[in-house]
Amino acid sequence: MSKPVVEVFKLSVFAGDSCLVSSLSLALKRGEAVTILGETGSGKSLLAQAIMGALPKELTASGDVRLFGKLNPSRHEREQMWGQQVAMLPQEPWLSLDPLMKSQRQLSLVEELVKQLDAKRARQQAQGSLSAMGLADDGNKVPSQLSGGMAQRLAYLCATAGGADVLIADEPTKGLDDSRKQQVIGLLQQHKQHGALLTITHDIDVAQALGGEIIVMRQGQIVERGSAEDVLNTPRSDYAKALIAAHSQDHFPIALKQGNAPLLKVRSLSKQRGNKQLFHDLSFQMGEGEVLGVAGDSGAGKSTLVDIVLGLTECDQGQVERAPELGPGKMLKLYQDPPAAFPREISLGQSLEDLCQLHKLDRSQLPELLARLRLDEAILARRPSAVSGGELQRFAMLRALLMKPKLLVADEPTSRLDPIVAHQTLELLIEQTRKIGCALILVSHNRRVMNQLCHQIVDLSPLEDTQRVPVDFSSACLIK
Amino acid sequence: MMGLNTSQRWGFALLFGLIALAGAEALFWQGDIALQQLDAAFEGPSLAEPFGRDHFGRSNFARLASALRTSLLMAICSVALSSVLGVALGMAAGWKRGAVDRTLSFVVNVLLALPGLILVLLFGALIPGSFAMLYLAISLVLWVDYFRLIRARTISLIRSPEVEASRLYGFGVWYIFKRHLWPNFRKDVYTLSCFGAGNAVLALASIGFVYVGLKPPHAELGLMMVELFPYYSDAPWVLLQPLCAVICLVLSFHMIAGTVDE
Amino acid sequence: MLIKILGRRLAQAVFVAWAVGTLTFFLMNLLPGDFAYRIAAGRYGYDYVNQAAADAVRAELGLDRSVWLQYLDWFRDLLRFNLGDSLVSGNPVSQELAHQLGHSLQLALFASLLSLLIAVPLGLYAGRQVGSALDRASLFISVLLRAQPVFVIGLVLVLIFALQFQLLPVAGFGGSRYLILPALSLALSMAALSSRMIRNATHQVLGSSYYQFARFKGLSEQQAFTHHAQPNIALPVVAFIGIQAVSLIEGIVMIESLFSWPGIGHALAHAIFGRDVPMIQGAALVMGLLFVLINLLVDLCCYWLDPRQREEGLQ
């Protein structure tokens, strides 16, 4: 076989004295894929920057990198390779595209300046590539007019237009929902056919689809490595086992009771935002102890729907009937970003104290609740910013449970958490709400979890934007 | 409030120095700003007159200290009025929206249509030489900054998860102000107030300089400069006094803001 | 979108006229003594004026009518740009303003160009080399300059260049030598702020994901800067020029007064001092409209630079 195009020997990255990535080695050949798997903050992204030669100034690296046979190329030599031999697919496509430049120009500029085509040829080439990606009509749009999926495809085109063999993809599916994720995976698989692919991800689906070698990392250390099949099917380390278990999520208790008197009736609800019809003629009802899922892309109107249910936003048409039990303080919400949901300048204990004073709550149930949610009492003395995301989300649950709510809305409660923590948090949420017989609305873009947990699912996905059907009308449908 | 950085420490030192100077004069020297002694014009510094005398033989120290007190008073009063007004109305507009917001935003747009200093000049023309009128005019210009910032912040905060959560839990207006809005505004209001105080001093000196502000024999920094300018070659050290006073005063306000940019 | 911009600035122009008109109307009614007598004096000269002439003026201008009717009249004249005669010189205000406007524009234009000439290279350099000696020095000078009113900068320049070294004239109007010091003072005071603004915009763009991505796409540093950084730096900088229009107009009043530059700012300060109400109204109005005009030009520039705005308009 051919020689490896990228080789890394014992690469370590340091911030001062602390080691962020320790002694990582890998080799990548044409037609192969290597995937680094691990949770956020495990130092994965630094590897990509170290290979590209674009580490932030305050970090230092040791070890060797060989690119296309060249040992430890200088910064200048690496810059020569950018785009033409090594390409990088960025994390946030929207932020990585020039906000003021039209899509076609962003792409044709690469053809013109990197491949040195004349302006006319470059334009034709760019238009051709756009068409091949289903972006034929979007050449005149600026990034803010593109959807997340379109921006991701454009970023892919721009990154690879220089003709690079090696593609480094840094968290390419971050923040994308299932259908978009599949598109990106498709792009990466396609690239693997003719080039080499190094992917950095926290998403097991991606790792599974790409195959090749998997390196599982945690806090900068390699925990386990091997072929994709071996690692995913028979993980040896505890960490990899937990990661894979959290992903498959087949431990959820499904036996939920159903069929109580309805708490909430929603009738033919419609809402428009700007020119976009978010949902139209949407009806459902739910009773005590039920779980309702709300699915859809970001921007599809999931949060708007639950805000209407909670009475925080007005709807255009239709009505929401709430049972009398749903009085003030009985409909509560858990938020996507836990620190954003607390007063930031006071301790968590003070927040609870304020709440107990307002509603004359019994403080004696607190120790038991803390134990149930696996929280340490010391957390009460800290401010929200000094507590980890998982703990804070559990604390948010505690705050909600204290009120004995009848309806709890969880708006992407685990999407900012690492997979293992996310899984535990969701498990707790289901268990605790069931205990007090509270209805739960779960907003998520993870369909697999919802299929397992929810009695019914409201899907707000617009028709796929590649299908070129007028996007202004969304099909809101009830399944199950 | 928070740990002070180096620039803030120097700023406070400078400000307290100027206040001490202005206060010491009032307590111990108690000079007369209008008493002329023409034979002692441009007399050099002495223990009795640490800053010498001006072209009419008036005490520079008394005049400088009085001008500093005037500027400080103007800065403090106009910042107090404009910040209270701006924060209260900004919150009202951002929270209530609707007619309240439209009315207030209309007023602000009218005020913003003219450069601030032109507005102050026109108001100053209404009642010449009146401190109260200038105070009103400067406050009228300054409160707009608070209003716009606080209104925008309130609009986004009211929609933020933290406020939404508190409302769902049944907390009232006062709690939301105390725990969510004010902690978020506090730093900005402080910064705006520091720059506002600096701008008030600059505005007062500017209109004094074009003879539209306070009238002689009143001692005012801008007015002193324009009075002393013709004597630059006889006594440049006298002209430098109000010049340095303005720069030090404004610089101290800018430095205690702690950030370089407004 | 374009219509929205024009509409907004037109509304601003109306606000300017209303605010200036109302304030000067108050001013006129607050003036001590008989206003008709003053106008008559303005027309015929103080030596020839008598009560009969004043009464004739009063009848002619309707000054014996109710305040509200006079207020409406005041605006009718204002909208027709009929600004009356100066109480001091007796000449029509519009004629005097037309003369002064040219001088003020000359100063404003030259000062703005000079400030960009200082601020753009300095800001770009400091933004590329954040933390360098030049960056820190420019910050220090900027803070120092911003702590003084623009006329203090002017005074210091006069002391140094005109009085100490006698290189340039102290004040007045004549050849281009007279323009240098006033324009430089204004330019320095504006550049103190805008150079930092340009520096921050540059620093932000060069640290952005899209700039880094442009490099990863294979563009050289120069190419990435030209195509992806420049337009993104230019947009906030141009928008900032609109904000600086306030400093420019305020600075013109100060600097023209300091250097006896025969422009509108000088006229305004003089008119207020002399309580020449028609002149105050005219000068403040033109200053205000100039401000609106600068803002309009900036809006149009931003519109042209920013495809997002144009596309919004199409949808």
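How much area is buried between domain 1 and domain 2 of chain C, and what percentage of it do carbon and sulfur atoms give? In this predicted model, the figure comes to about 1,600 Å², with carbon and sulfur atoms giving 74%. The two parts in question are domain 1, which covers residues 2-79 of chain C, and domain 2, which covers residues 101-314. Their centres, taken over C-alpha atoms, sit 35 Å apart. On the contact itself, domain 1 of chain C puts in 18 residues and domain 2 of chain C puts in 16.

Where does the domain 1 side of that area come from? C:L2, C:I5 and C:R9 supply 29% of what domain 1 of chain C buries against domain 2, more than any other three residues. C:R9 turns up again in the polar part of the story, since its side chain meets that of C:D299 in a salt bridge at 2.7 Å, N to O. Across this domain interface there are 2 salt bridges, and the count of residue pairs in polar contact, both at pLDDT 80 or more, is 3. As for secondary structure, α1 (2-30) and α4 (67-79) of chain C are the elements that give two or more residues to the domain 1 side. The largest share, 14 residues, comes from α1(C). By residue class, the domain 1 side splits into 12 nonpolar, 3 polar and 3 charged.

Helix α1(C) also has a part in the interface with chain B. Here 43 residues of chain C are in contact with 37 residues of chain B, and the area buried between the two chains is about 3,600 Å², of which carbon and sulfur atoms give 84%. Within chain C, the residues that lose the most area to chain B are C:F15, C:L23 and C:R146, together 16% of what that side buries. Salt bridges are absent: the rule finds 0 across the interface of chain C and chain B. Polar contact there amounts to 3 residue pairs, both at pLDDT 80 or more. A run of helices lines up on the chain C side, with α1, α6 (133-146), α7 (150-164), α8 (177-206), α10 (221-259), α11 (264-274) and α12 (277-305) each supplying at least two residues. Again α1(C) has the largest share, this time with 10 residues. The side of chain C that touches chain B is made up of 34 nonpolar, 5 polar and 4 charged residues.

Chain B has a second partner in chain A. Their contact takes 24 residues from chain A and 14 residues from chain B. About 1,700 Å² is buried between these chains, and carbon and sulfur atoms account for 56% of it. On the chain A side, A:Y335, A:R344 and A:E345 lose the most area to chain B, and together they make up 27% of what that side buries. The rule finds 4 salt bridges across this interface. The side chains of B:R179 and A:D354, for instance, meet in a salt bridge at 2.9 Å, N to O. Polar contacts here number 12 residue pairs, both at pLDDT 80 or more. Four elements of chain A each bring at least two residues to the side that touches chain B: α11 (302-310), β15 (331-334), α12 (348-359) and α14 (389-402). Of the elements on this side, α12(A) gives the most, with 5 residues. The classes on the chain A side are 15 nonpolar, 3 polar and 6 charged.

Elsewhere in chain A, a single glutamine ties several pieces together. A:Q106 belongs to helix α4 of chain A, residues 103-113. Is A:Q106 buried or exposed? With a relative accessible area of 0%, A:Q106 falls under the 20% cut-off and so counts as buried. The side chain of A:Q106 reaches two backbone oxygens, that of A:D98 at 2.7 Å and that of A:M101 at 2.9 Å. Setting aside neighbours within four places in sequence, A:Q106 is in contact with A:L97, A:D98, A:M101, A:P143, A:C158 and C:K217. That list takes in a residue of chain C, namely C:K217.

Conventions
Residues are numbered from 1 along each chain as its sequence is written. Chains are lettered from A and ligands numbered from 1 in the order in which they are written. This is a predicted model: local features need pLDDT of at least 70, side-chain atom pairs count only at pLDDT 80 or more; totals for chains, interfaces and linings use all residues. Side-chain values use heavy atoms; hydrogens and water are left out. Contact means heavy atoms within 4.5 Å. Buried area is the accessible area (1.4 Å probe) that two parts lose on being put together, summed over both. A polar contact is a pair of N or O atoms within 3.5 Å; within protein, one must be able to donate a hydrogen and the other to accept it, and residues adjacent in sequence count only if both atoms are side-chain atoms. Ala, Val, Leu, Ile, Met, Phe, Trp, Tyr, Cys and Pro count as nonpolar, Asp, Glu, Lys and Arg as charged, and the others, Gly among them, as polar. Domain bounds come from an automatic or database domain assignment. Buried means under 20% relative accessible area, exposed over 50%, partly exposed in between (1.4 Å probe, protein chains only).
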